[in-house]
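Trainee: I have a model open and I'd like to learn how to read it. Can you walk me through it, feature by feature?

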Amino acid sequence: MEHTSLLERVLRGIALTLVVIFFMFPIVWIFMMSFQTNETILRIPPQLVFEPTLANYTALITGKLETASGTLDIAFMRNLWNSVFLSVTSVAVALLLGVPAAYAFARHKFRGSEDIAFTLLSFRFAPALLVLLPLTLYFQKLGLANTYFGLIWVYQLICLPLILWIVRGYFEDIPADIEYAYRIGGHSWFATFRKIALPLAGPGIAAAGLLAFIFAWNNFVFALVLASADKQPVTVGALAFITSSGIQYGQISAAIVLSITPTLALALYAQRYLVEGLSLGAVKG
Amino acid sequence: MTAATVQRARPSGFRISKRALPYLLSLPALLVCIGILIPFLTSVVYSFQRYRLSQPWARQFNWGDNYISFFTDPKFWNTLQVSLLYAGITVVLELLLGLAIAMLLQKRSTLNNFISIMLLMPLMTAPALAALMWKLMTNPGFGVLSYLASLIGLQDFRWASSPSTALLTVVLVDIWVYTPFIMILLLAGLRSLPTQPFEAAALDGVPRSFVFFRITLPMLTPYILTATLFRLLDSIQQFDIIYAMTQGGPGDTLTVFQVEAYLNFFQSTNVGRSAALMIILWAITYFLSNIFIKNWLRLRERARGQA
């Protein structure tokens, strides 16, 4: 491996540069567009040097857009808030439901436990619309259509399997003897769970929660089908944005930048756990 | 069990029996999921019905008619063909590209680690938003990619709005988002391989191609299989990218399973046909996920064993 020729090193360098350009260019470009006015965006050839403006961001944040034909209301901040609220609450619910279940699956081989765990896993791979389309009809009857409650419930389809399978792996990594020793000391299973198992699996639980957050945030189809404009997260809101008249391309770019920043930041923070999370605990990074 | 006897010796008012405990712990999670299983069964029922939201009075069981009509329905064959084509092309290209990038980054160095973290960013971008980004970049009026295409002689290259290049465009977005997924799984796999076989091969002066095909690839196979099946299962159900980019258009160029089912349900309000489409897609994914889970389990056991 050490005897690499100069030619090979140059070729590797070129290949890596191309890879970085391909994967980074769209993000950099949209980021640049978000600081431009429509005038500079529409210039051909595209400009690399321009006078940056914050106007797109102020328009989004104040929710007021001045156009030639008058002032336009943009509900983007509402979408952003919906994304935050839906993702945070869904993850909290999934942790509350999923962590005890993960502990049960890791520690007790009870009848049907593997079947149940795999059924939960299979949700991750079933087509979303298979469940969503009948659910729209049910939700209308139950009055759950376009409610946060209904959406958070459905978001469990993404969050629960992820949390269950990752956290289960972390519980399995804790030697059972530690827990036995504590229980022989006269503590209840609950005290053991709270004082021994939870703290030891803590980092794994945190990572699973962050990942579930990212997946919930990035979800598109659930809210597209089940939510109207006032409950829609950014993924759906931004799409409605591009078709509405009078909106400028700079504002769309700024909306995209604001929408992807939280997940990108979290991913950088949790990157150590990403491999394990993305493979549902099958590959350790 | 010593723990159990100790516990029994302890006086306490409220105690959960040891056998019931695991059920109680997993019960809340299960209850939430049962609410999700019911619509699944409903889908099965709908798929055997003539059911249009616009004509609720005409709703009745027609048993297999929805499925039988697929055989003579060119729209269905188009859906099947586009879905398989999309899944096939994306998975093969992403696998080749992901493996190549993983091998470029295999050696642990600050630069390589930095690049591999940077490459995670497309993967963490919501696919629907990624499609929007590419839509802006391929806009015929000001899109930078349209401009670049015109520089290399492709005047008026229409990207997603032309039937001949729409598939290529959405495949490109899929590659942009999901190649990093395969890349990081394979990179983790490559870095976990034992070093002895490679050292021995280097000592014996074995040619590089031999090392790659006879040592690296076979040892990496479980990782490759898991990553590929993961992607295949997601890719055959792709909705976000295609819907956000073209809504299945132009025409019915990109009406893959989920997009077609969505349009059937919300535009032609044909619930029966939509449900039947979803059941067929579910059958395909069920078959794939069974193969997948076997591999995934083997890999998972190995990872746990190392821990």
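Trainee: Let's start with A:Val167. Which residues does A:Val167 touch, leaving out those up to four places away in sequence?

Mentor: Keep in mind that this is a predicted model. To read a contact, ask whether two C-beta atoms lie within 7 Å. By that test A:Val167 touches A:Gly98, A:Val99 and A:Ala102, and also A:Ala201, A:Gly204, A:Ile205 and A:Ala208.

Trainee: Which residues touch the most other members of the largest nonpolar core?

Mentor: In soluble globular proteins, nonpolar side chains tend to be buried together. Here the largest nonpolar core has 171 residues, and A:Val167 is among those touching the most other members, along with A:Leu162, A:Ile163 and A:Ala212. Helix H7 of chain A, residues 148-173, is the top contributor with 16 residues. Domain 1 and domain 2 of chain A both give residues to this core, so it lies between them.

Trainee: Where do those two domains run, and how far apart are their C-alpha centres?

Mentor: Domain 1 of chain A covers 6-73 and domain 2 covers 77-278. Their C-alpha centres lie 31 Å apart. For the contact between them, look at what each side brings: 18 residues come from domain 1 and 12 residues from domain 2.

Trainee: Which elements supply the domain 1 side?

Mentor: Helix H1 (6-33), helix H2 (38-41), helix H3 (55-62) and strand E1 (64-67) of chain A each supply at least two residues. H3(A) gives the most, with five residues. By residue type, that side of domain 1 divides into 10 nonpolar, eight polar and no charged.

Trainee: What does the UniProt record annotate in chain A?

Mentor: Treat a record as a label to set beside the coordinates. The unreviewed UniProt entry gives "transmembrane region" for residues 12-32, 84-106, 118-139, 145-167, 204-229 and 249-270 of chain A. Next, look at the model over two of those stretches. Residues 12-32 of chain A are 100% helix and 0% strand, with the end C-alpha atoms 29 Å apart. Residues 145-167 of chain A are 87% helix and 0% strand, and there the end C-alpha atoms are 31 Å apart.

Trainee: Now chain B. How many helices and strands does chain B have?

Mentor: Chain B comes to 14 helices and two strands. For overall form, set the radius of gyration against a rule for globules: chain B has 25 Å, well over the 19 Å the globule rule gives for 307 residues, so chain B is more spread out than a compact globule. Its C-alpha trace spans about 65 × 65 × 35 Å along the principal axes. Buried residues make up 41% of the 307 residues in chain B.

Trainee: How many residues does each chain bring to the contact between chain A and chain B?

Mentor: Chain B brings 80 residues and chain A brings 85 residues. On the chain B side, helix H2 (residues 21-47) of chain B has the largest share, 17 residues. That side of chain B divides into 60 nonpolar, 15 polar and five charged residues.

Trainee: One last residue: why does B:Leu193 count as partly exposed?

Mentor: Count the C-beta neighbours inside 10 Å: B:Leu193 has 15, so B:Leu193 is partly exposed. B:Leu193 sits in the loop between helix H9 (166-192) and helix H10 (196-203) of chain B. Sequence and space are worth comparing too: B:Leu193 and B:Leu220 are 27 residues apart in sequence, and 7.9 Å apart in space from C-alpha to C-alpha.

Methods. Residues numbered from 1 in each chain as written. Chains lettered and ligands numbered in written order. Predicted model: local features only at pLDDT ≥ 70, side-chain atom pairs only at ≥ 80, totals over all residues. Helix = DSSP H or I, 4+ residues; strand = E, 2+ residues; numbered from the N terminus. Rg over C-alpha atoms; globule rule 2.2 N^0.38 Å. Buried ≥ 20, exposed ≤ 12 C-beta atoms within 10 Å, placed from the backbone. Nonpolar A, V, L, I, M, F, W, Y, C, P; charged D, E, K, R; others polar. UniProt positions renumbered as here; feature names shortened; annotations may be inferred. Domains from an automatic or database assignment. Core = buried A, V, L, I, M, F, W, Y, C linked by C-beta atoms within 7 Å.
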